Amino acid sequence: MELPDRLKKLPPYLFADLRRKVAAARERGVQVITLGIGDPDRPTPDPVVDELCRAVRDEADLHRHRYGCDQPVAQLARAARDFYGRRFGVSLGEDQVLPTMGSKDAIAKFAMAVLNPGDLAIAPSPGYPTYNIGHVFAGAVTHYAPLLRENRFLVDFEAIPREVCRLAKLMWLNYPNNPTTAVADLEFFERAVAFARRHDVLIAHDNAYSENTYDGYEAPSILQVEGADEVAVEFFSLSKALNMTGWRVGFVAGNAEAIAALRTVKENIDNGTLRAVQFAAAKALSMAEELTPAINAVYAQRRDMVVHTLNENGWSIGKPKATIYVWAPVPAAYEGSSAAFATALLEEAGVVVTPGLGYGQWGEGYFRISLTYPDDVLEEALGRIVEARL
Ligand SMILES: Cc1ncc(COP(=O)(O)O)c(C=O)c1O
């Protein structure tokens, strides 16, 4: 079978080579520890699970087994609006919130909702790969905006070429950021909104990590900027905030026209999330401020352990204020090659980290450790990294 162009245009999967090497090492009997994936190890909080069980068994709900899109749970959109009101002081109209089957799905579909084939869209590099993949599936073209250490990994709006500003229809932002762990303040989002107005670009802010924050830091929403809903949407996910990656639920908020366009794509492709999951997600959002501190306390402790160990062994990295990752430069001996370092770490220590190049050209020179592994596993992996003296 001849693959369609859209699949051929996908960037080579940079982790495929590493995955092959991991399989080979396991075959040789190496007990490989993977620190590569951002998928919470801790369980979903009990009240959320209880609400799921209640809803899925609720015989009075005659729609409980039916298509979640045709029988949406009004409580979820309301809980999302209430949450944005309480958490960010942002007031959202009914047409400004749309539940999603998690952010990944919605991010990919959003490109189809707002871009024509040949359109130009801006995505950060390093960045979450799905922004570009959505563009490819929509036949659009990605311009990468580099996230540089000297700019604290923030997009430098002034450095975006004039022609790109003129042509771009859409721009992705993501703070707190995966993979760099960078955070943005409200002033950055004000500049983003001004950029969007000046160049008639729609901003899609991926807010997957706003609730994974530490040491009293509170991440803002782009929708806090006056008039942001005229030019921006924000994707919120319950996955990392509330240990709910497998549940596939989140929402998008902000610009009503863009949300209506995404709704049209979704209505034609998916059938929504099971109603019981929607009830449980509403419960999770209504209790978010109560539930997230315990979740974040676990990550903060792991973060401290990773940063402390790396810094005792030649690194010099600050403690991230947010996300569930640590982003660190590869040691000088590897001359900036994140793949060479990741391979050496696998061969010498049996530990898998994510090479920065996997997140795009500008991720080269760094690697990412995920904090979503049990303390003893992380401890063992760190011990091996130290012993390998790389
Ligand atoms: C930056 C970013 N956005 C979106 C997602 C997708 O999250 P989900 O589809 O589980 O909501 C992830 C997951 O790793 C992510 O890192």
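This is a short tour of a three-stranded sheet and a surface patch in a predicted model.

**Stop 1: strand β9.** Select residues 325-329, which make up β9. Is this strand enclosed or open to the outside? Four of its five residues are buried, so β9 is largely enclosed by the rest of the structure.

**Stop 2: the partner of β9.** Add residues 366-370, strand β12. β9 and β12 pair in the antiparallel sense, over five bridges. Now pick out Ala 328 and look across to β12. Opposite Ala 328 stands Phe 367.

**Stop 3: strand β11.** Next, select residues 354-355, which are β11. How many bridges join β11 to β12? There are two, and these strands run antiparallel. Show Thr 354 and find the residue facing it in β12: Arg 368.

**Stop 4: the whole sheet.** Display the three strands together. They form an open sheet in the order β9-β12-β11, with antiparallel pairing. Why do β9 and β11 each have a side without a neighbour in the sheet? They stand at the edges and have a single partner strand each, so one side is left free of a sheet neighbour. Strands of a sheet pair through backbone hydrogen bonds. Turn on the backbone here.

**Stop 5: a surface patch.** Leave the sheet and select Met 1, Leu 3, Leu 7 and Phe 137. Together they make a nonpolar surface patch of about 440 Å². Zoom in on Leu 7, which lies in helix α1, residues 5-8. Leu 7 has a relative accessible area of 36%. That value falls between the 20% limit for buried and the 50% limit for exposed, so Leu 7 counts as partly exposed.

How values were computed. Residues numbered from 1 in each chain as written. Predicted model: local features only at pLDDT ≥ 70, side-chain atom pairs only at ≥ 80, totals over all residues. Heavy atoms only, no water. Buried < 20%, exposed > 50% of the residue type's maximum accessible area, 1.4 Å probe, protein only. Pairing = 2+ DSSP bridges. Patch = residues over 30% accessible without salt bridge, like charges linked within 9 Å, V, L, I, M, F, W, Y side chains within 5 Å. Areas by Shrake-Rupley, 256 points an atom, 1.4 Å probe, with all protein chains shown as cover. Salt bridge = Lys/Arg side-chain N within 4 Å of Asp/Glu carboxyl O.
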